[in-house]
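I opened the model and kept notes as I went. The entries follow the order of my look-ups.

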Amino acid sequence: MKRKLIIVDNDTGEELERVEFSGGYNVAVTNMHDGGNLRFIRKLDNAKYGQRHWIKNYLYKTIAEKLVERFPEIRHIHPRTILFIEDMEWKPTAAKQPWIARIKKANNELESMLGYEYVLETRNYYIERMSNNQVIALIYHELRHIDEDGSLKKHDIEDWSNMVATLGKDWATTPEAIENILGDDFEGWDDLRKAGRQISMFESLRMVK
């Protein structure tokens with residue numbers, strides 16, 4: 001898909017900028033009459049980010065939006081303020097507690113210039129070995145870390161208790177099928193439900209942070 005971005009001076013009709021491209025875009029604009037506050041148009045959903053990461057907003061932001069719409073406990077979250085990136089080169093090493101995904105606050109430069117408040121990072125090595133249902137659950141897990149005041153909170157147990165009770169403690173790594181929490185037949189979280197025994201594909205793995 002070919003695209004063209006043109007900026008024109010409304011008063012003179014002069015064309016100030018013309019850029020042709022085939023991917024996404026992020027635009028930051030400002031009005032001098034409102035104190036110079038930045039306004040953002042975030043459409044850069046699929047692009048290289050640094051040397052080893054790839055922006056995956058086109059995939060994970062869509063999942064996040066559906067999760068936020070469905071689950072009241074994360075309804076305060078705005079997925080557009082999250083930059084979803086994936087490490088495409090990481091491979092397992094001798095580290096005792098590798099992670100599949102993590103979320104952190106964006107640094108001041110990223111927030112000020114692009115409008116992102118959080119960065120959710122996944123590792124492609126694990127993602128490509130997970131089912132779609134596991135990936136959906138993984139994104140939900142990371143979103144749960146964002147508290148209503150905007151801070152990041154820790155798990156209520158080693159994981160989130162509702163996920164362990166409903167999907168099993170090894171939901172992210174089991175080769176067995178887990179429920180699709182966005183599916184029409186998902187009955188909701190049950191902290192008392194007994195999950196069946198699951199076997200992890202990745203021994204000694206710290207699945208998420």
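**Entry 1: one loop residue, and the ground rules**

I began with Lys-91, which sits in the loop between β7 and β8 (101-105). Helices (H or I, at least four residues) and strands (E, at least two) are DSSP runs, numbered from the N terminus. Lys-91 has 47% relative accessibility and counts as partly exposed. My terms here: buried means under 20% relative accessible area, exposed over 50%, partly exposed in between (1.4 Å probe, protein chains only). I then took a distance from Lys-91 to Asn-124, 33 residues apart along the chain, and got 9.0 Å between the C-alpha atoms.

I noted the conditions before going on. This is a predicted model, in which local features need pLDDT of at least 70 and side-chain atom pairs count only at pLDDT 80 or more, while totals for chains, interfaces and linings use all residues. Residues are numbered from 1 along each chain as its sequence is written, and side-chain values use heavy atoms, with hydrogens and water left out.

**Entry 2: the whole chain**

I looked up the element count: five helices and nine strands. Along the sequence I read the order β-β-β-β-β-β-α-β-β-α-β-α-α-α. The chain has 209 residues, and 39% of them count as buried.

**Entry 3: two more distances**

I went to Tyr-58 in helix α1. Tyr-58 is partly exposed, at 42% relative accessibility. Its C-alpha is 9.9 Å from that of Ala-47, and the two are 11 residues apart along the chain.

Next I picked Ile-127, in helix α3 (residues 124-127). Is Ile-127 buried or exposed? Ile-127 counts as buried, with 11% relative accessibility. From Ile-127 to Ala-101 I have 9.1 Å, C-alpha to C-alpha, across 26 residues of sequence.

**Entry 4: the β1-β2 hairpin**

I turned to β1 and β2. They run antiparallel and are joined by six bridges. Two strands pair if DSSP finds at least two bridges between them. I checked one bridge: Ile-6 has Arg-18 in β2 as its partner. Six residues lie between the strands of this hairpin, and Gly-13 there takes a positive phi near 80°.

**Entry 5: salt bridges**

I searched the whole structure and found eight salt bridges. The test is a side-chain nitrogen of Lys or Arg within 4 Å of a carboxyl oxygen of Asp or Glu. Side chains of opposite charge can pair when their charged atoms come close.

I looked at the hairpin. Lys-4 and Glu-20 form a salt bridge at 3.9 Å, N to O. Lys-4 is in strand β1 and Glu-20 in strand β2, so the pair ties together parts that are 16 residues apart in sequence. Lys-4 is partly exposed at 48% relative accessible area, and Glu-20 is exposed at 56%.

Arg-18 came up again. Arg-18 has a salt bridge with Glu-15, with the closest N and O atoms 2.7 Å apart. Arg-18 is partly exposed at 42% relative accessibility, and Glu-15 is partly exposed at 38%.

I also pulled up Lys-56 and Glu-86, whose closest N and O atoms are 3.1 Å apart in a salt bridge. Lys-56 is in the loop between β6 (53-55) and α1 (57-70) and Glu-86 is in strand β7 (residues 82-87), so this pair ties together parts that are 30 residues apart in sequence. Both Lys-56 and Glu-86 are buried.

**Entry 6: surface patches**

I set the patch terms down. Patches are made of residues with over 30% relative accessible area and no salt bridge; like charges are joined within 9 Å, nonpolar side chains (Val, Leu, Ile, Met, Phe, Trp, Tyr) within 5 Å. Areas are Shrake-Rupley values with a 1.4 Å probe, and for residues only the protein chains shown count as cover.

Which residues make the nonpolar patch? Leu-5, Ile-7, Leu-16 and Val-19 do, and the patch covers about 310 Å². β1 (3-8) and β2 (15-21) each supply at least two of its residues. I checked Leu-5, which is in strand β1. Leu-5 is partly exposed, with 34% relative accessible area.

I then found a surface patch of negative charge, where Asp-184, Asp-185, Glu-187 and Asp-190 gather. Asp and Glu count as negative and Lys and Arg as positive; His and the chain ends are not counted. I placed each charge at NZ of Lys, CZ of Arg, CG of Asp or CD of Glu. Asp-184 is in the segment after α5 (161-167). Asp-184 counts as exposed, at 83% relative accessibility.
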